[in-house]
Amino acid sequence: MDPLKYIFQNPMPIGKLAKWKILLSKFDIIYVTQKAVKGQALADHLAKSPVEGEYEPLKMYFPDEQMSFIGEDIAEAYDGWKMFFDGFANFKGVGIGAVLVPEAGQHYPVSAKLRFLCTNNMAKYEACILGLNLAIDMNIQELLVVGDSNLLVH
């Protein structure tokens, strides 16, 4: 249906698009986009095509066990300083932030809005650097860094 939408909504089609628009204008075509509930569409698809035989659970394979693991959160058992960071980039701008948490449980947050365009990964790098600079300014010698990007943290 998207090609039909493009043909009918293009104000000045040229070439073959103009030809198709003229040929299709004979018919009373009304373009209506179909609304779908994402979760319901998935459930409907699974109900229409059941799996033959017995069900087998998905087997998880981690090629590098040092990078990917399932276990307890190391941040909860660590007694020293911890740094949590994150960054985001969208059409409104780029924001970064970090929080330093000492053993006592106080929070030292820092955040900034970047004045240059960058990707989400670049924003995460900048957030990590911001938190590390704060840790250096506070003369912290040992620090556990926690983030949602394994590539960046390791």
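A residue is called buried here when its relative accessible area is under 20%, and by that criterion 21% of the 154 residues of the chain count as buried in this predicted model. The accessible surface of the chain comes to about 12900 Å², of which 59% belongs to carbon and sulfur atoms. Where contacts join residues at least 6 apart in sequence, 50% of them link residues at least 24 apart.

**Overall arrangement**

The chain contains 6 helices and 4 strands, and, when the sequence is followed from its start, these elements appear in the pattern α-α-α-α-β-β-β-α-β-α.

**The sheet**

The 4 strands make up an open sheet with mixed pairing, in which the strand order is S3-S2-S1-S4. Strand S3 (108–114) and strand S4 (143–146) occupy the edges and have a single partner strand each, so that one side of each is left without a neighbour in the sheet. From one strand to the next, the twist averages 15°. Strands of a sheet pair through backbone hydrogen bonds, in either a parallel or an antiparallel sense. The table collects two of the pairings in this sheet.

| Strand pair | Sense | Bridges |
|---|---|---|
| S1 and S2 | antiparallel | 9 bridges |
| S2 and S3 | antiparallel | 7 bridges |

Individual bridges can be followed across these strands: the partner of Met 83 in S2 is Leu 100, and Leu 100 in turn has Tyr 108 as its bridge partner in S3. Val 99 has its own bridge partner in S3, namely Pro 109. The connections also deserve attention, since S1 and S2 form a hairpin with 2 residues between them, while the hairpin of S2 and S3 has 6 residues between the strands and includes Gly 105, which takes a positive phi near 100°.

Strand S2 is largely enclosed by the rest of the structure, because 8 of its 9 residues are buried.

**Helix H5 and the loop that follows**

Helix H5 (residues 120–137) packs on the sheet and touches strand S1 (81–90) as well as S2, S3 and S4, and the direction of H5 makes about 145° with that of S1. In the loop between H5 and S4 lies Asn 139, whose phi is near 60°, a positive value in a residue other than glycine. Is this residue, Asn 139, buried or exposed? With a relative accessible area of 57%, Asn 139 is exposed, because the cut-off for that class is over 50%.

**The pair of helices H1 and H2**

Two packed helices are described by the angle between their axes and by the distance between those axes. For helix H1 (residues 2–9) and helix H2 (residues 16–24), the axes come within 9 Å and cross at roughly 95°. Angles of 65 to 115 degrees count as roughly perpendicular, and H1 and H2 are therefore roughly perpendicular to each other. On the H1 side the contact involves Leu 4, Tyr 6, Ile 7 and Phe 8, which meet Leu 17, Trp 20, Lys 21 and Leu 24 in H2. The residues of this contact divide into 7 nonpolar, no polar and 1 charged.

Key:
Residues numbered from 1 in each chain as written. Predicted model: local features only at pLDDT ≥ 70, side-chain atom pairs only at ≥ 80, totals over all residues. Heavy atoms only, no water. Axes fitted to C-alpha atoms, helices over the stretch in contact; angles between N-to-C directions. Parallel < 35°, antiparallel > 145°, perpendicular 65-115°, else oblique. Contact = heavy atoms within 4.5 Å. Nonpolar A, V, L, I, M, F, W, Y, C, P; charged D, E, K, R; others polar. Pairing = 2+ DSSP bridges. Buried < 20%, exposed > 50% of the residue type's maximum accessible area, 1.4 Å probe, protein only. Areas by Shrake-Rupley, 256 points an atom, 1.4 Å probe, with all protein chains shown as cover.
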